[in-house]
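Please keep the sequence and the three-dimensional view side by side while reading the explanation that follows. The paragraphs move from one helix to the sheets and cores around the chain, and then to a few single residues.

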Amino acid sequence: MPTASTPELSVSTSPAAIASNVTDLIGNTDLLRINSLSELTGSEILLKCEQQNPGGSIKDRAALQMVKDAIASGKLTPGMTIVEGTAGNTGIGLALVAKALGFKMQVVMPKGQAPEKEQMVSLYDAKLKLVDPCPFANPDHFYHTARRIAEANSDCWWADQFENTSNFRAHYLNTAPEIWRQTQGKIDALVSVAGTGGTIAGNSRYLSEQNPQLQTWLVDPDGSGSYAYLKTGLYQSSGSSFTEGIGIMRLVENFRQAKVNKAITLPDRDLIAIARHVREYDGITLGSSAALNVAGALYAAAKMGAGKTIVTFWCDIAERSSSKLYNKQFLADKGYSETSESITEMFHRYQSQSDPAVVTVK
């Protein structure tokens with residue numbers, strides 16, 4: 001639950017006719033029905049179109065809220081540099097917000113992320129420091145590197161997206177109320193991946209307060225530990241995934257705020273199949289995180305039965321996955337063929353999958 005210090009909800013019902021700053025364009029995104037999946041499942045499968053944000057991802061919301069809150073608290077003042085360690089989209093969002101509001105930006109990113117993300121960071125004039133990928137326990141991890149840079153310079157402010165609950169608040173105050181209005185309060189399930197946990201936490205908290213019967217489904221990629229944590233209380237990894245910016249091997253403050261009811265883990269082959277399907281039949285091109293979200297929504301529909309309204313997130317623009325998810329050579333090198341089971345077959349597989357595959361969170 002938000003603390004007593006959480007401000008009253010302040011959500012505009014419609015954007016201004018003319019925005020005065022690019023950050024004014026963040027939020028108020030559309031809700032889109034995925035027709036092919038809705039017709040297959042007998043449920044309404046809806047996408048919150050977060051790729052419409054000016055930085056191209058849902059992370060624009062967290063970036064703006066973190067910066068606004070830091071300014072309001074006096075932690076971030078004119079002339080300072082914002083520092084953040086990121087797998088990409090939060091860094092892009094912060095770089096956009098920093099540029100628009102007159103701050104400098106330093107991004108620390110692990111090597112091996114999609115080159116499109118590195119390019120976007122640079123386009124916003126942010127400094128980019130690439131570090132070797134390594135376990136979180138290693139002091140050279142991108143998170144620790146960003147923290148050291150900020151702590152060593154008095155003119156720097158560390159955004160700290162994992163522990164900074166302004167991330168959670170961005171969605172509690174804005175995204176979730178938008179969803180509630182757009183569905184007219186008719187929502188049975190929320191499906192989301194989790195990285196920092198801010199998206200799933202803010203939305204699940206607000207929406208479950210409005211509808212206590214809401215089911216929030218966490219969908220985890222192979223190799224992440226959140227599913228294992230919710231199942232056993234321990235962060236354990238099994239397998240690997242080429243998805244970026246989602247999945248984590250430690251409990252962070254934003255994820256602590258989440259109200260999760262169900263948790264599943266799905267393989268990369270499922271998100272590849274779903275991405276191909278909705279591009280072919282619905283004209284929707286998803287990034288890898290969004291594809292996993294949609295696969296998770298299909299799974300929730302398979303288990304919950306027909307007649308439900310299920311909302312998930314179109315996290316970012318598909319171009320940021322073009323070098324992996326839509327790269328035939330990359331997929332071939334990973335052992336994925338161009339042929340896959342049909343979505344109808346996948347849906348039936350989900351329906352018949354044993355219940356122990358789903359973690360019910362108490």
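Which residue follows helix 11, and is its phi positive or negative? The residue is Gly305, which comes after helix 11 and has a positive phi, near 90°. The model is a predicted one, and every value given here should be read with that in mind.

Helix 11 itself, residues 288-304, is a good place to begin. At 1.5 Å a residue, its 17 residues should span 24 Å, and the C-alpha atoms at its ends are indeed 24 Å apart, so the expected and computed spans agree. Of these 17 residues, 16 are buried, and helix 11 is therefore largely enclosed by the rest of the structure.

The surroundings of this helix lead to the nonpolar cores. The largest nonpolar core has 81 residues, and those with the most contacts inside it are Leu37, Trp217, Phe255 and Leu286. Helix 11 supplies the largest share of this core, with 12 residues. In soluble globular proteins, nonpolar side chains tend to be buried together. Phe255 can serve as an example of the contacts made from this core: if neighbours within four places in sequence are set aside, Phe255 is in contact with Ala194, Thr196, Gly197, Ile200, Leu218, Leu230 and Tyr235. A second core, separate from the largest one and made of 23 residues, includes Ile82, Val107, Trp157 and Ala159.

Trp217 also leads to a set of paired strands. Strand 8 (residues 215-221) runs parallel to strand 9, and five bridges join the two; in this pairing, the bridge partner of Trp217 is Lys262 of strand 9. Strand 9 is joined to strand 11 (residues 359-360) as well, here by two bridges and in the antiparallel sense, and Lys262 stands opposite Thr360 in strand 11. Because four of the five residues of strand 9 (residues 262-266) are buried, strand 9 is largely enclosed by the rest of the structure.

Another part of the structure is organised around an open sheet of four strands, which pair in parallel and follow the order 5-4-3-6. Strand 5 and strand 6 (156-158) are its edge strands, each pairing on one side only, and the twist averages 20° from one strand to the next. Strand 3 (residues 81-85) pairs with strand 6 in the parallel sense over three bridges, and within strand 6 the bridge partner of Thr81 is Cys156.

Helix 4 (residues 115-123) contains the buried residues Glu116, Lys117 and Val121. These residues cover an arc of only 140° around the axis, which means that they lie on the same side of helix 4. On the other side of helix 4, Gln119 and Leu123 are exposed. The cover over the buried residues of helix 4 includes helix 3 (89-101), strand 4 (104-110) and strand 5 (127-131). Just after helix 4, Asp125 takes a positive phi of about 65°.

Helix 2 (residues 59-73) has 15 residues and reaches 21 Å from its first C-alpha to its last, close to the 21 Å expected at 1.5 Å a residue. Its buried residues include Asp60, Arg61, Ala63 and Leu64, and the buried residues of helix 2 pack against strand 2 (44-49), strand 3, helix 3, strand 6 and helix 6 (166-182). Just after helix 2, Gly74 takes a positive phi of about 85°.

Two single residues, each with contacts to helix 2, complete the picture. Gly93 is found in helix 3, and Gly93 counts as buried because its relative accessibility is 1%. Once neighbours within four places in sequence are left aside, Gly93 is in contact with Asp60 and Ala63; Gly93 and Tyr124 are 31 residues apart in sequence and 9.6 Å apart in space, C-alpha to C-alpha. Thr29, for its part, is found in the segment before strand 1 (31-33) and is buried, with a relative accessible area of 2%. Not counting residues up to four places away in sequence, Thr29 touches Lys48, Cys49, Glu50, Gln52, Asn53, Arg61, Glu178 and Gln182.

Note on methods:
Residues numbered from 1 in each chain as written. Predicted model: local features only at pLDDT ≥ 70, side-chain atom pairs only at ≥ 80, totals over all residues. Heavy atoms only, no water. Buried < 20%, exposed > 50% of the residue type's maximum accessible area, 1.4 Å probe, protein only. Arc of directions from axis to C-beta. Contact = heavy atoms within 4.5 Å. Pairing = 2+ DSSP bridges. Axes fitted to C-alpha atoms, helices over the stretch in contact; angles between N-to-C directions. Core = buried A, V, L, I, M, F, W, Y, C linked by side-chain atoms within 4.5 Å. Expected span 1.5 Å × (residues − 1).
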